[in-house]
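Work through three short exercises on the structure shown here. Each has a task and a stepwise solution.

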Amino acid sequence: MRAALARVAFGFRRALAADYAACFLLRLGLPRFDGGDSRVRISRQMAPRNEHAAASPAPDPSPVLGAQALALFDQVPTGICMIDGGGRILGANAWFCSHIGYSLEELRALRVADITHPEDRDRVDRALRQLMSGETRHHGLDKRCLCKDGSVLWVNIDASVVSDSRGRPLHAIASMREIEAQKRAETALHAGEARWREMADALPLIVWSARADGSHEYYSRQWQASTGMPPQAALGDGWLDAIHPDDRQHVLETWRRSVDAGESFEAQYRLRDREGDYRWVLARALPLCDERGHVARWMGTCCDIHDQRLAEEELRSSGRRKNEFLAMLAHELRNPLAPISTAAQLLKISAGDERRVRQASEIIGRQVRHMTELVDDLLDVSRVTRGLVTLDNDEFDLKQVVAAAIEQSRPLIEGRHHVLKTRMDGQPAIARGDRTRMIQVVANLLNNAAKYTPQGGEITLSLDVLRDRARLSVRDNGIGIEPTLLPRIFELFTQAERTPDRAQGGLGLGLALVKHIMTLHGGSVEAHSEGLGRGSLFAVTIPLPADAATGTRDEHRAPPAAGPLHLMVVDDNQDAAHTLAALLEVHGHRVVVSHNGADALARAANDPPQVFILDIGLPDIDGFALARRLRAMPRTQSALLVALTGYDQEQDRDRAREAGFDHHLVKPLDMDRLFALLGARR
């Protein structure tokens with residue numbers, strides 16, 4: 001057999017030109033033996049085509065190749081055929097014929113185009129022209145063959161050109177192997193890829209993938225919908241152009257570290273949206289590894305976390321403001337405690353000195369009032385912001401509201417030597433809502449202006465009546481507001497920087513109360529300032545009812561002075577009970593004191609008082625139960641019952657009314673209010 005093959009090779013060398021031999025014998029490897037293995041190694045080659053069918057059968061290559069060579073071709077386990085420059089098939093081996101379904105005689109009557117799928121003919125024709133023109137010596141491609149039975153066969157073709165001794169192309173010779181299974185796998189892979197991309201496009205977040213080297217190769221449709229940048233522009237490193245310049249370098253370094261280490265990637269950064277603004281996103285990517293454990297691909301997502309990020313920043317900012325508020329609250333509460341403590345020591349050592357006792361009492365009274373105001377502000381803002389306040393819905397004159405607010409704020413304004421100017425609209429200003437709360441709003445604005453204006457400043461209060469609303473504004477020439485503070489000036493615990501000159505800084509609750517109260521009235525608030533040292537303007541707007549009366553209403557008259565009454569104070573705190581009783585006796589009332597419910601009931605049965613002032617937290621029965629029992633007793637059922645408690649929530653007031661109390665007062669007791677209640681009882 002070895003000798004026969006050698007003779008075949010010798011015949012080829014004589015029959016074919018040098019180039020033919022170099023291409024055909026050396027490229028096909030005929031003959032070449034390795035040791036004792038006599039198998040012939042044939043390389044894959046390709047077949048071009050021509051669109052025009054052959055006019056006559058191709059010449060028989062047998063005289064050129066010889067019968068032995070053709071017989072050898074038939075033993076090769078791949079397809080082999082020869083094509084001339086016009087695309088006619090000159091010959092083919094048995095594998096080629098059996099897989100295509102045509103006999104050798106039938107093939108020699110055809111051109112390559114006749115057995116090539118229409119969608120592949122242009123590629124095959126172009127490859128044949130390149131071979132026969134000498135543009136290339138070898139060519140390979142995948143194509144679909146049209147079999148005689150109408151089926152389609154995917155094959156891989158490798159073709160070379162055969163030239164004569166002068167280097168002129170004579171024929172093309174091609175080898176062919178079946179790749180049907182490979183193409184089916186590729187088709188399934190492409191279908192899976194398409195389904196995956198459809199799923200990625202349907203997700204509400206950006207999906208992307210990158211090659212093993214970190215070069216981005218795919219972005220879902222959400223990328224363009226979010227950024228306005230075409231996905232093609234984001235491939236490679238183009239995605240970095242959409243990242244905020246301040247974040248770009250950090251993100252790139254983080255990504256490169258992940259790629260180099262083959263570890264998961266995570267970063268938060270600002271991504272430009274289609275309007276040109278930047279939004280915070282969270283980007284994550286995981287490496288996909290092959291069977292050897294090497295990274296083959298990266299799969300990643302970008303999720304919009306802008307709102308979450310802003311909420312977190314606001315939460316941190318709110319926490320800082322709350323901490324500042326607590327520190328400020330501690331400072332504000334310590335301030336009055338110091339003079340109270342000093343006054344208490346003074347009372348101990350100056351019991352016989354009437355002037356010093358009076359001085360100490362005045363100090364304690366002032367500081368207690370100050371502490372009471374602080375606590376009242378805290379409780380008030382808590383009730384208002386949690387929606388626990390029910391507003392009155394009565395008509396009131398805004399001009400009278402302004403007058404009452406000025407009266408409340410006058411001590412602070414005069415104490416700091418400010419000049420207060422007012423400008424009132426000539427038209428009636430009748431609004432509907434809670435008159436007391438509106439006085440609180442205007443007083444808070446005036447107090448705010450007085451505190452934040454250096455001594456000797458000027459404050460202007462204006463009332464403008466428009467067609468369906470009224471606008472109250474307070475302007476000052478004080479310290480102004482920083483631009484960064486202005487957007488949150490009406491938030492809880494917000495204050496400008498405290499200075500030694502502004503000793504009466506308060507807790508930063510006043511403007512927050514103003515905003516919430518005006519919201520409950522269907523109104524609005526606004527603040528303006530041109531910057532530090534340029535003063536401020538605060539304004540509130542309240543709707544005016546279309547059917548409101550145009551006249552003014554009388555101010556609430558102060559209650560008449562109280563005549564002597566018989567009262568009982570019931571409180572287990574003996575100091576508090578006897579102090580209150582002494583104060584009431586100084587004003588001419590007859591007062592008895594009891595420290596528990598049982599004693600109070602026994603005394604009331606013998607000598608029923610006209611007024612009971614009851615502490616709620618008694619040792620035996622609470623004040624609610626005591627009130628119900630007094631209402632059940634014939635001799636005290638019509639008495640005036642006043643609850644005195646440290647609890648001032650809406651539910652506490654409701655419980656007091658249900659128990660039979662006429663009034664609910666909060667510790668420390670507002671004596672002016674108590675005297676007003678007693679005067680009405682006279």
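Helices and strands are DSSP runs, helices of at least four residues and strands of at least two, numbered from the N terminus. The model is predicted.

**Exercise 1**

Locate threonine 636 and decide whether threonine 636 is buried or exposed.

Solution.
- Step 1: Place the residue. Threonine 636 lies in the loop between helix H19 (623-632) and strand S21 (640-645).
- Step 2: Apply the cut-off. Buried means under 20% relative accessible area. Threonine 636 has 0%, so threonine 636 is buried.
- Step 3: List its contacts. Leaving out residues up to four places away in sequence, threonine 636 touches Ala604, Pro608, Phe612, Leu630 and Arg631.

**Exercise 2**

Describe the backbone and the exposure of histidine 417.

Solution.
- Step 1: Find the loop. Histidine 417 sits between helix H14 (398-415) and strand S12 (419-424).
- Step 2: Check phi. The value is near 60°, positive in a residue other than glycine. Most residues other than glycine have a negative phi.
- Step 3: Check accessibility. Exposed means over 50%. Histidine 417 is at 55%, so histidine 417 counts as exposed.

**Exercise 3**

Work out which strands stand at the edges of the sheet with the order S12-S14-S15-S17-S16.

Solution.
- Step 1: Describe the sheet. It is open, has 5 strands and shows mixed pairing.
- Step 2: Pick the edges. S12 and strand S16 (524-528) each have a single partner strand, so one side of each lacks a neighbour in the sheet.
- Step 3: Add the twist. It averages 10° from one strand to the next.
- Step 4: Inspect one pair. S16 and strand S17 (residues 536-543) run antiparallel, joined by 5 bridges. Glutamate 526 has alanine 539 in S17 as its bridge partner.

Technical notes: Residues numbered from 1 in each chain as written. Predicted model: local features only at pLDDT ≥ 70, side-chain atom pairs only at ≥ 80, totals over all residues. Heavy atoms only, no water. Buried < 20%, exposed > 50% of the residue type's maximum accessible area, 1.4 Å probe, protein only. Contact = heavy atoms within 4.5 Å. Pairing = 2+ DSSP bridges. Axes fitted to C-alpha atoms, helices over the stretch in contact; angles between N-to-C directions.
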